[in-house]
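Here's a quick walk through the structure, written for someone who would rather look at angles and contacts than at a cartoon. We start with the whole chain and then zoom in.

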Amino acid sequence: MPTSELAGQIERYLSELARTSSSPHTLEAYGTDLRQFLEYLSPPETAPPEPQAIDLLTLREWLTGLYRDELTAVTIRRKLAALRGLFRFMLREGVVRINVARLVRTPKAPKKLPEIMTAEQANTLLDGVATRQMERPFPERDLAIFELLYGCGVRVSELAGLDLHDLDRAERWLRVRGKGRKERQVPLPGKAADALERYLAERPVVRDERAVFLNHRGGRLTRRGIEGIVKLYATYVSGDPSIHPHSFRHAYATHLLADGADLRAIQELLGHARLSTTQKYTQVSLTGLMAVYDKAHPKA
């Protein structure tokens, strides 16, 4: 693909995102989305238009192509957010006169409540990991991963990013870096703390490696590595390959709420910037209550 002004602006925008502490997940997703947009505007042997020449009609044709490819509304919304961020950056740099991406209508995302494991399902899976129903090379590490996902409600990226100095083992706290590198303190419950201690007792000492969770090569276990471990156990122990690390975060919040925890406290524990994000768990709890009512009440 020939070099162009648009390609250069995309790379400069991504570099700014990296400098402003955007999460690795956001950087990866936005990078893929914007380079695909560049490819769309770059037919074979043809340079893309200059940024100031990209108009609303061009963006609508691009959006039509996304619908034609049957992408979900959530994916299209993310791609549009990436494009708006790029144009906002170019507007600030004086490259374009208006943020034309703001004129594109955002597709509505369907309101879908997350499917939540029951406490029994979550504990059955953790018990299956603890009793070593699978022969795995690092069983203590795997159990600690599951206990922290369910016991602390952390995101998979936060778990992968944990360093040894983030652990306060005496007071049982974790220092977690969430979205936008915002830090928060998360309590470490008893079972998770015990599993972590057993893992750390046999964790290899690797020079200059600060990560809590290591892979078989002695390097940091990545987000995708953790996702693979969770899927492997979920498929073998529970017979449900749809369970992923975020399933435990949903279960953590819903089970806390069901047992009487304050919504604001759950917001702090999860690291949500807005209470509205946390409030979806009240809908899940109400849905569960209605199901119990419909099943048990004689007048239902």
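The accessible surface of the protein chain adds up to about 17400 Å², and carbon and sulfur atoms make up 51% of that area. Keep in mind that we're dealing with a predicted model. Of the chain's 300 residues, 43% count as buried. The C-alpha trace spans about 65 × 60 × 35 Å along its principal axes. As for secondary structure, the tally is 13 helices and 3 strands.

How about contacts? If you take those with a separation of 6 or more, 59% come from residues 24 or more positions apart. On the charge side, there are 45 positive and 37 negative side chains, and the centres of these two sets are 5 Å apart.

**The sheet**

Now for the strands. The 3 strands make an open sheet, ordered β1-β2-β3, with antiparallel pairing. Which strands stand at the edges? That's β1 and β3 (183–187): each has a single partner strand, so one side of each has no neighbour in the sheet.

Take the β1 and β2 pair to begin with. These two strands pair in the antiparallel sense over 2 bridges. Leu-167 has Leu-174 in β2 as its bridge partner, and Asp-168 stands opposite Trp-173 in β2. The two strands form a hairpin with 4 residues between them, and Arg-172 sits in the turn.

On the other side, β2 and β3 pair over 5 bridges, again in the antiparallel sense. Here Val-176 stands opposite Arg-184 in β3, and Arg-177 has Glu-183 in β3 as its bridge partner. This hairpin has 5 residues between the strands, and Gly-180 takes a positive phi near 70° there.

The side chains of β2 alternate along the strand. Leu-174 and Val-176 point to one face and are buried, whereas Trp-173, Arg-175 and Arg-177 point to the other face and are not buried. For β3, the covered face holds Arg-184 and Val-186, while the uncovered one holds Glu-183, Gln-185 and Pro-187. So which β2 residue from the buried face stands opposite Arg-184? It's Val-176, which is buried and stands opposite Arg-184 of the covered face of β3.

**Positive phi outside glycine**

If you're scanning the backbone torsions, two arginines deserve a look. Phi of Arg-132 is near 55°, a positive value in a residue other than glycine, and Arg-172 likewise has a positive phi, near 60°. Here they are side by side:

| Residue | Phi | Loop | Relative accessibility |
|---|---|---|---|
| Arg-132 | near 55° | between α5 (119–130) and α6 (139–152) | 45% |
| Arg-172 | near 60° | between β1 (167–168) and β2 (173–177) | 35% |

Are these two buried, partly exposed or exposed? Arg-132 counts as partly exposed because its relative accessibility is 45%, and Arg-172 is partly exposed as well, with a relative accessible area of 35%. The cut-offs behind that call are under 20% for buried and over 50% for exposed.

**Elsewhere in the α5–α6 loop**

Arg-132 has company in its loop, since Glu-135 is also placed between α5 and α6. At 84% relative accessibility, Glu-135 counts as exposed. Its C-alpha atom is separated by 16 Å from that of Ile-145, which is 10 residues away along the chain.

**Ser-4, ahead of the first helix**

Last stop: the segment before α1 (5–19), where you'll find Ser-4. Is Ser-4 buried or exposed? Ser-4 is buried, because its relative accessible area is 19% and the cut-off for buried is under 20%. A polar atom of the Ser-4 side chain lies 3.1 Å from the backbone nitrogen of Ala-7. Setting aside neighbours within four places in sequence, which residues does Ser-4 contact? They are Leu-38 and Pro-48.

Technical notes: Residues numbered from 1 in each chain as written. Predicted model: local features only at pLDDT ≥ 70, side-chain atom pairs only at ≥ 80, totals over all residues. Heavy atoms only, no water. Buried < 20%, exposed > 50% of the residue type's maximum accessible area, 1.4 Å probe, protein only. Contact = heavy atoms within 4.5 Å. Areas by Shrake-Rupley, 256 points an atom, 1.4 Å probe, with all protein chains shown as cover. Lys, Arg positive; Asp, Glu negative; His and termini not counted. Charge placed at Lys NZ, Arg CZ, Asp CG, Glu CD. Pairing = 2+ DSSP bridges. Polar contact = N/O pair within 3.5 Å; in protein donor to acceptor, adjacent residues only side chain to side chain.
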